[in-house]
Amino acid sequence: MMGKRSTILRTITIVAIFVLIGLDPSGPSHISYATVHPPSLAAEGAILMDGDTGQVLYEKNAHKTFYPASITKLMTALVASKYLNPSDTITFSRNAVLSIEFGSSHIGMREGETISVEAAMHGLLMSSANDVANGIAEKTSGSIEDFAKAMTAEAKALGALNSNFVNPHGLQNEDQYTTAYDMGLIMKEIIKNQFLVDIMGKTLYEIPPTNKVDEVRYLAQGHKMINERKDVNIYREDVIAGKTGYTTSSGHTLVTVSKRDGRTLIAVTLKTNAANLYSDTNKLFDYGYEAFEAVELEPSDYIQTLPIMKDGVVIGKADLSMLEPVRMFLKSGHSKEDITLETVLPEALTEEASMNQEAGKLIISIGEEAIGEWPLEITELEYDDIGNESVEENIEKKELEMIEVIKFIILIATVTIVVKTSTFGKFH
């Protein structure tokens, strides 16, 4: 257990970062940062986020709420994947297949028809099937309403605090909304699940005949950056996952993941038009790869030392550092001096401190933008050889001092009584 914590904010410049920045002479050449400007987008809301750290590289109305349309299904897939196995089966209810809006996207599921969760996930993420979304929701939570509550709760747990879901498919509802930032966080969590990434990366999939349908259902990926057959001019080889969306009220919405040169970028565009749907995302990815330089901070580059205390006496010390390397990006307009760190630490640790114990946190910022928080862990403990003896001696010393104080108080009290007694006798 740690003693009473107090927050100590120290803003410091890390020399090691500066050294690292200049130590890659064999690395790839980059466009001069001075010539790379943030893109101008048609989308009303957008964000470009590093998929590993969550660092925001570009934003436009990133926290303003918009209707999500079918990118809602990313949240549906994320929640369902936590409770269902690919081999589980879903039998579709009448409500699941008939409650969706006429003319909206579906794959023609029948009441009483059964397919695997794996097949359903393909229908959800590749063909944006609203009937499948309902079936997945009912299978997971028992009802669409309860599933929507789970979606909202999961979103908030991820830090997506400005999102609210009332259905699993994204058909228009005034109470269903999200933000570009929130969708970036949701996709950041989704890409940790390789099963879902693999589904979104496919161009074609076949659902075999079922108990209600004799024919094979052929599914095609609707995201043109993933499916070269949709449009060879829009297709990008570095795009590994994504989801499209559209309703009249939401306009076009798009979430896309690119992976290149060891980096993962997430682009979100909300309320845009068909003409700029993919060009906006292209601009974001090009800006992300051209205008930023990756910098890594190793655990050994930042070590903080705290005293270990017992009964008010220092008996040792502990070194704290990050658990793993942290990668961040410097962008156009920022210099090396803009990288700052803040630590949140207790004043001291107690004798119960142990190796690998989390004992503080490090907040890394570039300019005025906080990149994120990382835990600081105890990596080394060192105790004084005479620590225990010092404690015992200190206790004994304090006891003797207390005895002397008590003696002094008794003496003063005695003198006071004698004086008052003498005075009383003299005047009375």
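**Exercise 1. Identify the residues that make the nonpolar surface patch of about 680 Å² in this predicted model, and decide whether Ile409 is buried or exposed.**

Solution. The patch is made by Met402, Val405, Ile406, Phe408, Ile409, Ile410 and Ile412. To place one of these residues, note that Ile409 is found in helix H10, which spans residues 387–427. The next step is its accessibility: Ile409 has a relative accessibility of 51%, and because the exposed class begins over 50%, Ile409 counts as exposed.

**Exercise 2. Determine how many residues of helix H4 are buried, and find which residues touch the most other members of the largest nonpolar core.**

Solution. Helix H4, residues 117–125, is mostly covered, with 8 of its 9 residues buried; among them are Val117, Met121, His122 and Leu125. Turning to the largest nonpolar core, which has 58 residues, Leu74, Met121, Val132 and Met187 touch the most other members. Met121 therefore appears both among the buried residues of H4 and in this core, whose members are buried by definition. A second, separate core has 25 residues, including Met322, Val326, Leu376 and Ile378.

**Exercise 3. Establish whether Phe285 is buried or exposed, and work out which residues it contacts beyond its neighbours within four places in sequence.**

Solution. Phe285 is found in helix H9, residues 277–290. Its relative accessible area is 0%, and because buried means under 20%, Phe285 is buried. With neighbours within four places in sequence left aside, Phe285 is in contact with Leu48, Arg236, Val239, Thr256, Val257, Ser258, Leu265, Ile266 and Ala267. For Val257, 28 residues away along the chain, the C-alpha separation from Phe285 is 9.2 Å.

Methods
Residues are numbered from 1 along each chain as its sequence is written. This is a predicted model: local features need pLDDT of at least 70, side-chain atom pairs count only at pLDDT 80 or more; totals for chains, interfaces and linings use all residues. Side-chain values use heavy atoms; hydrogens and water are left out. Buried means under 20% relative accessible area, exposed over 50%, partly exposed in between (1.4 Å probe, protein chains only). Helices (H or I, at least four residues) and strands (E, at least two) are DSSP runs, numbered from the N terminus. Patches are made of residues with over 30% relative accessible area and no salt bridge: like charges are joined within 9 Å, nonpolar side chains (Val, Leu, Ile, Met, Phe, Trp, Tyr) within 5 Å. Accessible areas come from the Shrake-Rupley method with a 1.4 Å probe; for residues, only the protein chains shown count as cover. A salt bridge is a side-chain nitrogen of Lys or Arg within 4 Å of a carboxyl oxygen of Asp or Glu. A nonpolar core is a set of buried Ala, Val, Leu, Ile, Met, Phe, Trp, Tyr and Cys residues joined through side-chain atoms within 4.5 Å. Contact means heavy atoms within 4.5 Å.
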